[in-house]
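Colleague: I have the sequence and the model open side by side. Please take me through them, one question at a time.

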Amino acid sequence: QEFGPYDVPPSNRKVQEGESLSEIALEYSKHYKTDVTAEAIATANKIKNPNKVKVDTVLDMTKFIKKVE
């Protein structure tokens with residue numbers, strides 16, 4: 001999923017098949033001035049093991065959204 005520099009990503013993000021929290025963290029970090037890590041996403045979403053996230057898990061990404069100026 002691509003975001004333009006002024007687009008706001010969804011505040012909730014569903015994990016797709018084959019995706020990792022690391023990939024999702026990079027996606028958010030790439031487009032926003034925020035240091036998102038897989039561990040931070042896991043902690044915010046009470047996921048015990050960031051390497052084992054289930055498909056269709058809905059992640060709350062609210063705290064990681066920051067608009068680029």
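Colleague: What percentage of the residues in the protein chain is buried?

Modeller: This is a predicted model, in which local features need pLDDT of at least 70, side-chain atom pairs count only at pLDDT 80 or more, and totals for chains, interfaces and linings use all residues. Residues are numbered from 1 along each chain as its sequence is written, and side-chain values use heavy atoms, leaving out hydrogens and water. I call a residue buried under 20% relative accessible area, exposed over 50%, and partly exposed in between (1.4 Å probe, protein chains only). Of the 69 residues in the protein chain, the buried ones make up 33%.

Colleague: Which pattern does the protein chain follow along the sequence?

Modeller: Helices (H or I, at least four residues) and strands (E, at least two) are DSSP runs, numbered from the N terminus. The protein chain has two helices and two strands. In sequence order they give β-α-α-β.

Colleague: Among contacts between residues at least 6 apart in sequence, what percentage join residues at least 24 apart?

Modeller: A contact here means heavy atoms within 4.5 Å. Taking the contacts in the protein chain between residues at least 6 apart, the share that joins residues at least 24 apart is 60%.

Colleague: Now the interior, please. Which element gives the largest share of the largest nonpolar core?

Modeller: A nonpolar core is a set of buried Ala, Val, Leu, Ile, Met, Phe, Trp, Tyr and Cys residues joined through side-chain atoms within 4.5 Å. The largest one has 14 residues, and Leu21, Ile24, Val36, Ile41, Ile47, Leu59 and Met61 have the most contacts inside it. Two or more residues of this core come from each of α1 and α2. With four residues, the largest share comes from α1.

Colleague: Why do the buried residues of α1 lie on the same side?

Modeller: The buried residues of this helix are Leu21, Ile24, Ala25, Glu27, Tyr28 and His31. They are on the same side of α1 because the arc they cover around the axis, taken from the directions from the axis to the C-beta atoms, is only 155°.

Colleague: Which exposed residues does the face of α1 turned away from its buried side carry?

Modeller: On the buried side, the cover includes β1, α2 and β2. The face turned away from it carries the exposed residues Leu26 and Lys30.

Colleague: Glutamate 27 caught my eye in that helix. Which residues do salt bridges that share partners join into one network?

Modeller: A salt bridge puts a side-chain nitrogen of Lys or Arg within 4 Å of a carboxyl oxygen of Asp or Glu, and by this rule there are two. Glutamate 27 pairs with arginine 13 at 2.8 Å, N to O, a link between helix α1 (residues 21–31) and strand β1 (residues 12–14) across 14 residues. Arginine 13 also meets glutamate 19, at 2.6 Å. Through these shared partners, the network joins Arg13, Glu19 and Glu27.

Colleague: Is glutamate 19 buried or partly exposed, and with what relative accessible area?

Modeller: Its partner arginine 13 counts as buried because its relative accessibility is 5%. Glutamate 27 is buried too, with a relative accessible area of 12%. Glutamate 19, in contrast, is partly exposed, with a relative accessible area of 22%.

Colleague: On to the loop between α2 and β2. What phi does aspartate 56 have?

Modeller: Most residues other than glycine have a negative phi. In the loop between α2 (38–44) and β2 (58–60), lysine 46 has a positive phi of about 55°, and its relative accessibility of 77% makes it exposed. Aspartate 56 sits in that loop as well and counts as partly exposed at 48%. Its phi is also positive, near 75°.

Colleague: How far apart are the C-alpha atoms of proline 50 and alanine 40?

Modeller: Proline 50 is found in the loop between α2 and β2. Leaving out residues up to four places away in sequence, proline 50 touches Leu21, Ala38, Glu39 and Ala42. Alanine 40 is ten residues from proline 50 along the chain, and their C-alpha atoms are separated by 9.1 Å.
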